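Please look over the structure shown below before reading on. The report that follows takes up a few of its features in turn.

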Amino acid sequence: MKHTLHEKIVVNRPIEECFAYLKDFSSIEQWDPGVYRARKLTPYGVAVGTEYEILLKLPAGKQVSMRYRQAVINEPRELILHGEGDNFSAIDTLNLQAISPTRTEIDYRAELDLRWLPAPLKPLIKPMLNRIGKKAISGLKRALTIPGTPSNRRLWHDILDKLVVPATLSFGKRGYLSLPRKSHSSRMDGKIVAITGPTAGLGLDTACELARLGATLILIGRSKQKLSNAAKQIQRFSACSENTLHLVEADLASLEATAAAAQQITTSLPPIDVLINNAGALFATREETNEGFERALAVNFLAPVLLSKLLSPHLNDNSRVINVVSGGLYFQGIKLDDLQFRSEPYDGSKAYARAKRALLYMSNESTTKTSYFTMHPGWAATPGVAKSLPAFNKRLQHFMRDSRMGADTMIWLATAPELQAYKEPQLWFDRHPHTFDVLPNTKSNPNEIQQLKNWTTAALAQFQ
Ligand SMILES: NC(=O)c1ccc[n+]([C@@H]2O[C@H](COP(=O)([O-])OP(=O)(O)OC[C@H]3O[C@@H](n4cnc5c(N)ncnc54)[C@H](OP(=O)(O)O)[C@@H]3O)[C@@H](O)[C@H]2O)c1
């Protein structure tokens with residue numbers, strides 16, 4: 001059975017931006033609700049012959065794979081792709097036309113050949129296919145439309161957050177998959193993004209996407225070899241050039257090394273538009289760094305605070321600092337009398353969650369003109385989770401997000417134009433602001449937060 005879907009939309013974006021977004025067909029996972037995941041199989045730039053794997057959603061959480069091949073690229077007007085699945089093929093054509101310097105018409109045509117379906121069934125299946133086509137094209141319109149204002153806190157989010165268990169259910173992939181808008185279509189050309197922990201997991205996926213959007217990246221990691229491997233992976237994903245990636249070596253467990261990295265950046269690299277404090281770690285046993293700090297506190301709290309502070313002269317009023325914390329902080333309050341976890345038996349998850357909560361409070365306390373955003377990624381399958389929480393990772397493997405889903409809000413916070421000048425202290429999750437003081441024994445009062453600030457200032461004094 002053959003069937004053609006044909007839809008048109010007009011979007012308020014220049015034709016070049018629309019084309020840049022659509023040219024890499026793997027962006028389809030961000031706008032077509034019928035697509036679960038899409039992956040560019042051919043490394044580096046998109047050209048005729050570039051191949052993609054597209055996983056289409058089927059009922060009951062199942063997926064079916066299709067392989068697409070870029071057949072025609074006429075920049076910036078036309079893209080044609082040929083797709084093949086088992087007993088199923090498609091020719092997708094996207095024609096773009098500038099109707100003004102800031103408005104573009106997109107004509108989308110998909111010629112489907114459902115070989116497994118007998119022609120007499122066409123009248124039954126046609127309305128469903130048309131519905132799928134309409135959803136895809138309206139998803140594309142949403143993907144290319146920049147909202148005017150950021151989201152507000154929603155009452156039902158607050159209620160779910162306060163009930164804790166329903167909120168944590170959204171930490172898995174279902175939470176991400178139910179997002180109405182998943183696109184990253186705002187270009188980052190000319191922007192400088194510094195990111196810690198770009199060698200694995202969420203940080204690597206964030207770096208890949210930001211490079212695809214045109215950002216220049218400062219990659220801060222503790223191993224030269226891993227940084228260089230990450231840079232290669234970012235280039236293969238995004239086709240960015242080598243000179244848009246700057247590698248800075250620093251073990252963030254050492255505040256001296258963190259300060260040296262900040263010094264290297266401020267003296268030899270361009271000013272930063274976005275700093276993402278993503279590196280983090282959860283440890284099974286208590287150990288102190290050479291500088292006398294409990295490791296989880298040093299990596300998850302002291303290093304990002306110090307790095308943000310030392311890089312602040314290199315940030316501007318429009319810069320953003322994004323601090324990555326964890327949903328685990330919902331269950332832990334800070335312990336001012338034992339920030340270093342010396343008195344009670346060590347519990348890595350508690351130490352980690354307390355350090356993340358301390359980072360949230362310090363982000364909210366920032367008095368600079370830079371906007372601070374604190375986010376948590378939900379539960380994402382990453383090398384870090386596999387290593388530090390193997391039982392959790394195994395038990396929840398079907399429930400967890402993949403790392404690109406976990407990275408989504410980080411990327412969105414770095415790129416969303418509607419967040420410019422946003423200053424409200426919030427905890428962002430799945431592109432929405434959330435409440436963070438839910439359980440009564442976890443909340444610190446202003447006096448306690450001031451004490452945390454004083455302790456931190458004293459602890460960091462020798463490294464500034
Ligand atoms: N995945 C989740 O479900 C989840 C949930 C809540 C919060 N988070 C937070 O999300 C962030 C990313 O986590 P992930 O799951 O992607 O972790 P991951 O897979 O372990 O990656 C962590 C990254 O941080 C780097 N890093 C760790 N310790 C470092 C140190 N001492 N100095 C310099 N770099 C260091 C790692 O570098 P190496 O490659 O050298 O190890 C790696 O690049 C973390 O802040 C984590 O706490 C994750």
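## Around the ligand

In this predicted model, 29 residues surround the ligand, and those that come nearest are Gly197, Gly201, Gly280, Thr382 and Gly384. The elements that contribute two or more residues to this shell are the helices α7 (201-212) and α12 (383-388). Sorted by character, the shell holds 13 nonpolar residues, 13 polar residues and three charged ones.

## The seven-stranded sheet

An open sheet is built from seven strands in the order β1-β7-β6-β5-β4-β3-β2, and their pairing is antiparallel. Because β1 (2-11) and β2 stand at the edges and each has a single partner strand, one side of each is left without a neighbour in the sheet. On average, and with direction ignored, neighbouring strands of this sheet are turned by 20° against each other.

One pairing can be followed in detail: β3 and β4 are joined in the antiparallel sense over seven bridges, and Leu56 has Val64, in β4, as its bridge partner.

## Helices on the sheet

Helix α1, which covers residues 15-23, lies across β1, β4, β5, β6 (88-100) and β7 (103-114), and it runs at about 165° to β6. Helix α3, covering residues 122-144, also packs on the sheet, where it touches β1 and β7, and its direction makes about 25° with that of β1.

## Unusual backbone in the loops

Three loop residues deserve a careful look at their backbone. The peptide bond that leads from Glu75 to Pro76 is cis, with omega near 0°, and Pro76 is placed in the loop between β4 (63-74) and β5 (78-85).

Tyr44 is not a glycine, and yet its phi is positive, at about 65°; this residue sits in the loop between β2 (35-40) and β3 (51-57). Is Tyr44 buried, exposed or partly exposed? Tyr44 is partly exposed, because 13 other C-beta atoms lie within 10 Å.

Phe341, likewise a residue other than glycine, has a positive phi near 55°, and its place is in the loop between β12 (315-324) and α11 (348-364). Phe341 counts as buried because it has 21 C-beta neighbours inside 10 Å, and a residue needs 20 or more to be classed in that way.

## An exposed helix residue

Val165 belongs to helix α5, which spans residues 165-169. Since Val165 has 7 C-beta neighbours inside 10 Å, it counts as exposed, the cut-off for that class being 12 or fewer. From Val165 to Thr374 the separation is 209 residues in sequence, while in space the two are 21 Å apart, taken from C-alpha to C-alpha.

Technical notes
Residues numbered from 1 in each chain as written. Predicted model: local features only at pLDDT ≥ 70, side-chain atom pairs only at ≥ 80, totals over all residues. Helix = DSSP H or I, 4+ residues; strand = E, 2+ residues; numbered from the N terminus. Near = placed C-beta within 6 Å. Nonpolar A, V, L, I, M, F, W, Y, C, P; charged D, E, K, R; others polar. Pairing = 2+ DSSP bridges. Axes fitted to C-alpha atoms, helices over the stretch in contact; angles between N-to-C directions. Contact = placed C-beta atoms within 7 Å.
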